[in-house]
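Welcome! Take a moment to look over the sequence and the model, and then let us walk through some of their features together.

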Amino acid sequence: MGNIDELINKLAQDSTAVKRASHPFLLGSEWMVAALIYLAVALLLSGARHDLWLELHKPWFVAELAALAGILICTSLSAALLSYPDLHQKRSIAFSPIAAFVLFVLVMLFAWRADNPPAPLPVHSFECTLSISLVSLLPAAWTFHVMRKFASTHSRWAGGIACLFAFSVGALWLRLYEQNDSIMHVIRWHYLPMAGAGIAGMWLGKRVLKW
């Protein structure tokens, strides 16, 4: 019996304290704040579009920015919840990006119908997708780095949502930077590539976040 008591005492003394994991809402909020700071720095370096103040007086442009910001908020909270094995018992919030994307699609549909006569298309095309992707790389890398410290049991979804979160940061930056009023161009080269970013994130999540 004495040997058992000594063994228990030794194991108790050798144990190291485990740091308590952050609450997912706190984690998601930290990602949102970091994204806003990153967005501000990117705009400071690139500059904002010259007619931004005038554009902010257009209801559908403001609605588009608000819906895009909603995607950023929902995906940051969702990615944080998906980092936990049990989604922190908040499954409905974890899948809230679905509702955010439905709202975003409706906003863009109404904005497209309101763009009559349609604004002229810019001379460039895929360069916008490339620019958004490059700006999204740093937020995506940081988000995956943090998520690897947790034990997600939904690695595919977690990776996909993380990439959508990062892509929304880049999309917000370009919408505030690019001098462009063509809704068709924005839909085709800014927002449709989001689907590709989500699929790439699911593939990456399976390999990076699997444990």
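## Helices and listed spans

Helices here are DSSP runs of H or I with at least four residues, and they are numbered from the N terminus. Please keep in mind that this is a predicted model.

The unreviewed UniProt entry lists residues 25-48, 60-82, 94-112, 124-145, 157-176 and 188-205 under "transmembrane region". How much of the span 60-82 is helix? The chain is 100% helix and 0% strand over these residues, with 32 Å between the end C-alpha atoms. Another listed span, residues 124-145, is 86% helix and 0% strand, and its end C-alpha atoms are 34 Å apart.

## A network around Arg-49

The structure has five salt bridges in total. Which residues are linked in a network of them? They are Arg-49, Asp-51, Glu-55, Lys-58 and Asp-181.

Arg-49 is a good place to begin. Its side chain meets that of Asp-51 in a salt bridge, at 2.6 Å from N to O. With Glu-55, Arg-49 forms a salt bridge whose closest N and O atoms are 3.9 Å apart, which fits the cut-off of 4 Å. A further salt bridge joins Arg-49 to Asp-181, where the closest N and O atoms are 3.0 Å apart. Arg-49 sits in the loop between α2 (24-46) and α3 (52-55), while Asp-181 sits in the loop between α8 (155-177) and α9 (183-191), so this pair ties together parts that are 132 residues apart in sequence.

Are these residues buried or exposed? Arg-49 counts as buried because its relative accessibility is 3%, under the 20% limit. Asp-51 is buried as well, at 13%, and Glu-55 is buried too. Asp-181 has a relative accessibility of 34%, so it counts as partly exposed.

## Aromatic pairs

The count of aromatic pairs comes to five. One of them brings together the rings of Tyr-84 and Phe-150: their centres are 5.1 Å apart and their planes lie at 50°, so the pair is tilted. This pair links distant parts of the chain, with Tyr-84 in the loop between α4 (59-82) and α5 (91-94) and Phe-150 in the loop between α7 (127-147) and α8, 66 residues apart. Tyr-84 is buried, at 9% relative accessibility.

Trp-173 and Tyr-177 form a stacked aromatic pair, with 5.2 Å from centre to centre and 10° between the planes. That angle counts as stacked because it falls under 30 degrees. Where do these two residues lie? Both are in helix α8, four residues apart, or about one turn of the helix. Trp-173 is buried, with a relative accessible area of 9%, whereas Tyr-177 is partly exposed at 36%.

## A nonpolar patch on the surface

Let us finish at the surface. Trp-60, Ile-98, Val-102, Leu-106, Leu-109, Phe-110, Trp-112, Leu-121 and Met-184 form a nonpolar patch there, and together they have about 850 Å² of accessible area.

Which helix gives the most to the nonpolar patch? Helix α6 (residues 97-114) does, with six residues. Leu-109 is one member of the patch, and its place is in helix α6. With a relative accessible area of 41%, Leu-109 is partly exposed. That value meets the requirement for patch residues, which is over 30% relative accessible area.

Key
Residues numbered from 1 in each chain as written. Predicted model: local features only at pLDDT ≥ 70, side-chain atom pairs only at ≥ 80, totals over all residues. Heavy atoms only, no water. Buried < 20%, exposed > 50% of the residue type's maximum accessible area, 1.4 Å probe, protein only. UniProt positions renumbered as here; feature names shortened; annotations may be inferred. Phe/Tyr/Trp six-rings, centres within 6.5 Å; stacked < 30°, edge-to-face > 60°. Patch = residues over 30% accessible without salt bridge, like charges linked within 9 Å, V, L, I, M, F, W, Y side chains within 5 Å. Areas by Shrake-Rupley, 256 points an atom, 1.4 Å probe, with all protein chains shown as cover.
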